Amino acid sequence: MIKALLERGLIGKVFTDNVDNLLAKVGIPYERTRGSGVFNERYPATFSQRNLIVIGVAADRRMLVSQARAQRGRVTIVNPCTSVAPKVRHLDYLRHGDLFLKLTAQEFFEQARNKLGLRVMRQPFESAIAAR
């Protein structure tokens, strides 16, 4: 789904803090925000769009949100608010005027696909992992 949105020009850039290179394995260009993968170094983001869609919760994404706001960007947060770790802080970066969608990433992308009328060939997650 992400690849289809990129190909249609509906997404400008993909930022991720994942270190497994899964996006590259399925042909999606991205910018990794984690730096070394060990520490949460500040990633100086350059945005190609005025809107930032944040999926999930992590310190690296909070830094991206802060940078987007400094450039007067609009922020949409997609977060199911499920417990992923002790002391997790889900929405401390949510601000008045942000759009908040209490959805999983899968629910969000399925709704986007349906609303945009996109036909997306589904690749099973297992096959992407098997390519490692």
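**Close-up views of a predicted model**

**View 1. Contacts around Leu52.** In this predicted model, Leu52 touches Phe47, Leu64, Val65, Ala68, Arg74, Val75 and Thr76, leaving aside residues up to four places away in sequence. Leu52 is itself part of the largest nonpolar core. Of the residues it touches, Phe47, Leu64, Val65, Ala68 and Val75 also belong to that core.

**View 2. The largest nonpolar core.** Twelve residues build this core. The aromatic members are Phe15, Tyr43, Phe47 and Tyr93. Ala45, Leu52, Val54, Leu64, Val65, Ala68, Val75 and Ile77 complete the set. Three elements each supply at least two of these residues: strand S3 (51–55), helix H3 (59–70) and strand S4 (74–78). Which element gives the most? H3 does, with three residues.

**View 3. A second core.** A separate core of six residues lies elsewhere in the model. Among its members are Val78, Leu103, Phe108 and Phe109. Val78 falls within S4 (74–78), the strand that also supplies residues to the largest core. Phe108 and Phe109 fall within helix H4 (residues 105–116).

**View 4. The three-stranded sheet.** S3, S4 and S5 form an open sheet, in the order S3-S4-S5. The pairing is parallel. Which strands lie at the edges? They are S3 and strand S5 (99–101), and each pairs on one side only. From one strand to the next, the twist averages 15°.

**View 5. The S4–S5 pairing.** How many bridges join S4 to S5? There are three, and the two strands run parallel. Strands of a sheet pair through backbone hydrogen bonds, either parallel or antiparallel. Ile77 stands opposite Phe100 in S5. Ile77 is also one of the residues in the largest nonpolar core.

**View 6. Helix H4 on the sheet.** Helix H4 (residues 105–116) packs on the sheet. H4 touches S3, S4 and S5. The direction of H4 makes about 135° with that of S3.

**View 7. The whole protein chain.** Five helices and five strands make up the secondary structure of the protein chain. Along the sequence they follow the pattern α-β-α-β-β-α-β-β-α-α. Of the 132 residues, 31% are buried. Take the contacts between residues at least 6 apart in sequence: 42% of them join residues at least 24 apart. The accessible surface of the protein chain comes to about 8800 Å². Carbon and sulfur atoms account for 54% of that surface.

How values were computed:
Residues are numbered from 1 along each chain as its sequence is written. This is a predicted model: local features need pLDDT of at least 70, side-chain atom pairs count only at pLDDT 80 or more; totals for chains, interfaces and linings use all residues. Side-chain values use heavy atoms; hydrogens and water are left out. A nonpolar core is a set of buried Ala, Val, Leu, Ile, Met, Phe, Trp, Tyr and Cys residues joined through side-chain atoms within 4.5 Å. Buried means under 20% relative accessible area, exposed over 50%, partly exposed in between (1.4 Å probe, protein chains only). Helices (H or I, at least four residues) and strands (E, at least two) are DSSP runs, numbered from the N terminus. Contact means heavy atoms within 4.5 Å. Two strands pair if DSSP finds at least two bridges between them. Axes are lines fitted to C-alpha atoms, for helices over the stretch in contact, and angles run from 0 to 180 degrees between N-to-C directions. Accessible areas come from the Shrake-Rupley method with a 1.4 Å probe; for residues, only the protein chains shown count as cover.
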